[in-house]
Amino acid sequence: MYQRQYSTKIPDHAPEKGESFDQIFEDFKEIILPGMTHWQHPAFFGYFPANNSEPSILAEMLMSTLGAQCMSWLTSPAATELEERVCDWLRDAKGIDKSWKGVIQDTASTATLSAIITAREKATQYQINEKGFTGKEKFRVYSSAHVHSSIDKALKIAGIGAQNLVRIPVDENFAMIPDALEKAILNDQKAGFYPLCVVSALGTTSSTAVDPIGQITQITKKYGLWHHIDAAFAGTAMLLPEFQHLLSGHQDADSYVFNPHKWMFTNFDCSVLFLREPQFLINTFSLTPEYLKTQLDDSVNNYRDWGIQLGRRFRALKLWFVIRSYGLEGIREKLRNHLQLAQLAKSWIEKEKNLEILAPVNFNTICFRHGDTSISLEKQNQFNEAWMARVNATGKAFFTHTKLDGKFVIRWVIGQTDVEEKHIRNALSLLLEERKKLLEPIN
Ligand SMILES: *Cc1c(COP(=O)(O)O)cnc(C)c1O
């Protein structure tokens with residue numbers, strides 16, 4: 001059992017009297033910092049990054065200093081108008097259709113939930129919002145077998161039910177098979193279900209697999225489903241023209257989310273949801289009580305109507321500072337650098353005996369393992385798990401894992417803001433060193 005180490009150093013009652021900031025800061029350094037995972041360390045290779053950068057930190061400080069509530073245009077007009085601008089900037093820079101509009105949300109989880117509830121309301125002419133479920137709705141939502149857990153959660157919250165998430169088989173590259181999707185929709189129609197929505201992944205969390213966006217859009221268009229594209233991590237790569245073909249055919253999809261707070265050097269939290277027809281979202285979420293009505297409601301965006309929260313932070317400032325400070329060119333240069341480092345690390349792994357890469361390196365995530373087929377799969381998995389734990393225990397680098405076809409693989413995500421070649425070189429040495437120790441017979 002895990003023993004608490006940090007809270008035991010914190011009194012179990014709140015102080016009655018104020019304390020000096022010096023004391024507070026001392027304790028922050030003594031008690032809190034040793035118990036933090038250092039996401040901004042260039043040898044952080046786990047999950048997906050949650051990058052920050054100087055301009056973004058400065059913007060966060062100004063945002064909290066202003067402490068503005070950006071729920072409607074009137075509550076801070078410049079914040080709303082800046083949000084419109086930076087969303088348009090990103091839309092155009094990413095090659096998303098010019099007619100689409102964006103809104104900033106806290107996380108991709110919230111954005112995806114908003115999209116699914118919107119699909120539900122559009123399909124029922126906003127009746128579930130009004131009257132609740134009748135009990136006859138039998139919605140189905142489709143995604144690849146490698147779907148992110150936020151989709152299951154969204155179906156729970158939206159009243160659709162996690163069991164109504166249909167996981168479509170994937171091909172050898174872990175991408176959704178469009179024919180299998182179409183078959184599943186037809187089967188469900190026959191069985192009396194209502195196929196509502198497809199959530200495709202432009203970069204799965206497991207291995208950054210890319211579902212065929214254009215082909216899926218053709219299917220959703222044919223059968224009248226909502227198509228939500230989850231590009232939470234890899235969406236940032238769409239800032240590079242050489243990746244924009246992955247989006248081709250998205251024009252008739254319905255919504256798209258990506259997280260600048262992952263790979264775009266913008267502090268958590270900041271997620272952008274783009275919609276082909278935001279009116280459906282607004283119809284779903286707007287409810288304007290008398291005290292929030294203004295004379296301008298028809299001519300300006302009131303972003304409180306574009307999602308779940310009423311109160312909203314001034315997140316657009318972070319995007320403005322980051323984009324202006326780096327310039328799109330500067331951002332692209334950094335991304336290309338990360339992508340090149342990932343190719344370099346991949347080439348090193350390929351040269352090592354018994355190391356194997358188990359998924360295409362579409363961006364900057366490498367899924368690899370020590371493969372020794374002379375032992376059972378279970379033993380192989382135990383070995384790789386123990387190996388990763390040893391590496392992480394050194395505190396010199398941090399990795400996380402996934403399972404691909406039942407195989408435990410270490411994910412190496414090379415996208416932290418300041419990562420350089422020396423960091424990945426050291427990380428590989430560390431990996432090999434720890435593997436050697438683990439392979440040595442115990443004497
Ligand atoms: C990270 C991730 C999410 C969840 O993002 P949050 O902003 O933390 O909610 C959803 N989908 C994919 C594909 C992700 O990689």
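This is a walk through the structure, one selection at a time.

Keep in mind as you click around that the model is predicted.

**Stop 1: the two domains**

Start by colouring 68-313 and 328-439 separately, since the protein chain is divided into domain 1 (68-313) and domain 2 (328-439). Put a marker at the C-alpha centre of each domain and you'll find the two 31 Å apart. How many residues of domain 1 are in contact with domain 2? There are 26 of them, and they meet 24 residues of domain 2.

**Stop 2: the sheet with seven strands**

Now show the cartoon and look for an open sheet of 7 strands, ordered E1-E7-E6-E5-E4-E2-E3, with mixed pairing. Which strands stand at the edges? Select 101-105 for strand E1 and 165-168 for strand E3: each has a single partner strand, so one side of each is left without a neighbour in the sheet. Look along the sheet and you can follow a twist that averages 20 degrees from one strand to the next.

Next, pick out helix H3 (residues 77-94), which packs on the sheet and touches E1, E6 and E7. The direction of H3 makes about 115 degrees with that of E1. Then go to helix H6 (149-157). H6 lies across E2, E3, E4 and strand E5 (226-230), and runs at about 155 degrees to E3.

For a closer look at one pairing, select residues 255-258 (strand E6) together with residues 271-275 (strand E7): they pair in the antiparallel sense over 4 bridges. Zoom in on Ser-255 and you'll see Leu-275 of E7 standing opposite. As a reminder, strands of a sheet pair through backbone hydrogen bonds, either parallel or antiparallel.

**Stop 3: two backbone oddities**

Stay with E7 for a moment and step into the loop between H9 and E7, where Asp-269 is found. The peptide bond from Phe-268 to Asp-269 is cis, with omega near 5 degrees.

The other one to check is Gln-125, in the loop between H4 and helix H5 (127-131). Gln-125 isn't a glycine, but has a positive phi of about 50 degrees. What makes these two worth a click is that most residues other than glycine have a negative phi, and most peptide bonds are trans.

**Stop 4: the sheet with four strands**

Move on to another open sheet, this one with 4 strands in the order E8-E9-E11-E10 and antiparallel pairing. At its edges stand strand E8 (355-357) and E10, each with a single partner strand, so one side of each is left without a neighbour in the sheet. Here the twist averages 40 degrees from one strand to the next.

Select E8 along with strand E9 (residues 365-370) to see antiparallel pairing over 3 bridges. Leu-355 is the residue to label here, as it stands opposite His-370 in E9. Now add two helices. Helix H12 (residues 377-393) lies across E8, E9, E10 and strand E11 (407-413), running at about 30 degrees to E11. Helix H13 (residues 421-439) packs on the sheet too, touching E8, E9 and E11, and its direction makes about 155 degrees with that of E11.

**Stop 5: the largest pocket**

Switch on a surface. Where does the largest pocket lie? Domain 1 (68-313) and domain 2 (328-439) both give residues to its lining, so the largest pocket lies between them. It holds about 490 Å³ of space.

To centre the view, select Phe-48, His-148, Thr-205, Ala-232 and Lys-262: of the 33 lining residues, these lie nearest the centre of the pocket. The elements that each give two or more residues to the lining include helix H4 (108-123), strand E2 (139-144), helix H9 (260-263) and strand E10 (400-404). E4 gives the most, with 3 residues. Colour the lining by class and you'll get 14 nonpolar, 15 polar and 4 charged residues.

**Stop 6: the cavity**

Last, an enclosed space. A search of the whole structure turns up 1 cavity of 30 Å³ or more, and the largest cavity has about 60 Å³ of space. To find it, select the lining residues, among them Val-103, Ile-104, Gln-105, Tyr-303, Trp-306 and Arg-312. By class, the lining of the largest cavity splits into 5 nonpolar, 3 polar and 2 charged residues.

Terms used:
Residues are numbered from 1 along each chain as its sequence is written. This is a predicted model: local features need pLDDT of at least 70, side-chain atom pairs count only at pLDDT 80 or more; totals for chains, interfaces and linings use all residues. Side-chain values use heavy atoms; hydrogens and water are left out. On a 1 Å grid over the protein atoms alone, a cavity is a set of points where a 1.4 Å probe fits but cannot get out, and a pocket is an open set with protein on both sides within 12 Å along at least five of seven lines; lining residues have an atom within 4 Å of a point. Grid points are joined across faces, edges and corners, and a volume is the space filled by probe spheres set on the points. Ala, Val, Leu, Ile, Met, Phe, Trp, Tyr, Cys and Pro count as nonpolar, Asp, Glu, Lys and Arg as charged, and the others, Gly among them, as polar. Domain bounds come from an automatic or database domain assignment. Two strands pair if DSSP finds at least two bridges between them. Axes are lines fitted to C-alpha atoms, for helices over the stretch in contact, and angles run from 0 to 180 degrees between N-to-C directions. Contact means heavy atoms within 4.5 Å.
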